[in-house]
Amino acid sequence: MDITNGDVAATQQHHDATKRSDHDDSSSNQNQSIHDDDVSVSSIIALSELDPPPSRSEILRDKWLESLSGKIHFWVGVTVMALIIIDGAFFFFLLVGAQNMCTPRTNCNPRNWWYNFSIQFLNVLFTYLATVSLPWRLSNTAHLFNGSGKHYRSSDAGLDLYGRPTEKIWYHISQSRRRIIVFFLILNSLTQYANQATRIIYYSFELQNVFPGTLWTNLFFMLSMMCAAVAGVLQIHAEMGLRKVHPEKFPPTLFETLGEYLTKVRNIRRRTREEGGDEEEPTRDGDVEEDRRKLERGRSFFVRNIHSFFSNVEPSLGLWGL
């Protein structure tokens, strides 16, 4: 998605989706119209109308961020996240000795070889995320700490990297909270690079298991994880708070959308079972057809909400390499 005009495209798609759903059930119409009330504010100001116009560095930044916004990049990020979970679990089991390869369970071969391999692979995955997320982190840092100058862009809540009104939820977090978050995210990247360097220097199980290897590898690993944890908690808490206070402005989360859809499906199926003993055959056939149409509308509404959610959280995910 082109971040310079992404809000305009999202707005048009959102209004088109609303027109297609004019005959949806009342609950779907209500939720859809809630979000349409505010998206029209987004990015009506074109880049050509900005004063001052975009600088060369801003245009370069846009191209940089746009290159990280494709579907391939997103799914690579999702795959990396899945590998982190799988390898992290494998590493934990080896750490506590939950293995049957050899004895003693916490210090033997081939357990030690696999232990070192898992932590090395885990660090490569973390370094990848710290690197692909760095453009978003640096762009937001420059925006949030840009005091004044010829190309000053306001970073007040609700304004994007160009100082234009936007509906992206990340930009609606308070300026001070975003500054704290990106500060810890930059620290996360720097400490992860230091952590990766120590894993290159102390590359074997024997080297990383004795001083000074055990100090440096564990120190930067813990610092990197702590910085990521602090930033993640602050960001999630802030965005959840915004959705709670302004449900009419920001699309529901994936879990909320899925929960709503599954609730509709359960209600329709329960009603179908309850009416299963009705002797009026034509009426029952009509109800079945109506239920089928409601399910189709529910699926369409579900897909639209998912698309709206991912469009809304693009900067939020970009900060984490997604």
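Exposed, in these exercises, means over 50% relative accessible area, and buried means under 20%. The model you are working with is predicted.

**Exercise 1. Two sides of a helix**

Work out which residues of helix α3 (residues 56-66) are buried, and how they are arranged around its axis.

*Solution.* Start with the list: in α3, Glu58, Arg61, Asp62 and Leu65 are buried. Next, look down the axis of α3: these buried residues fall within an arc of 100°, so they line one face of the helix. The general pattern helps here: an α-helix has 3.6 residues a turn, so residues three or four places apart point the same way. Now turn to the face directed away from the buried side, where you will find the exposed residues Arg56, Leu60 and Lys63. Finally, ask what lies over the buried residues of α3: the cover includes α6 (134-144).

**Exercise 2. An arginine without a salt bridge**

Find the surroundings of Arg178, a residue of helix α7 (residues 175-201).

*Solution.* First check for a charged partner: Arg178 is buried yet has no salt bridge, and Asp156, the nearest side chain of opposite charge, is 6.6 Å away. A salt bridge would need a distance within 4 Å. Then look for other polar atoms: a polar atom of the Arg178 side chain lies 2.6 Å from the backbone oxygen of Ser155. To complete the picture, set aside neighbours within four places in sequence; the contacts of Arg178 then include Leu144, Trp170, Tyr171 and Ile173.

**Exercise 3. A loop residue**

Decide whether Phe250 is buried or exposed.

*Solution.* Locate Phe250 in the loop between α9 (213-245) and α10 (254-274). Its relative accessible area is 2%, so Phe250 is buried. As a last step, compare positions with Ile169: the two residues are 81 apart along the chain, while their C-alpha atoms are separated by 6.9 Å.

Notes
Residues numbered from 1 in each chain as written. Predicted model: local features only at pLDDT ≥ 70, side-chain atom pairs only at ≥ 80, totals over all residues. Heavy atoms only, no water. Buried < 20%, exposed > 50% of the residue type's maximum accessible area, 1.4 Å probe, protein only. Helix = DSSP H or I, 4+ residues; strand = E, 2+ residues; numbered from the N terminus. Arc of directions from axis to C-beta. Contact = heavy atoms within 4.5 Å. Lys, Arg positive; Asp, Glu negative; His and termini not counted. Polar contact = N/O pair within 3.5 Å; in protein donor to acceptor, adjacent residues only side chain to side chain.
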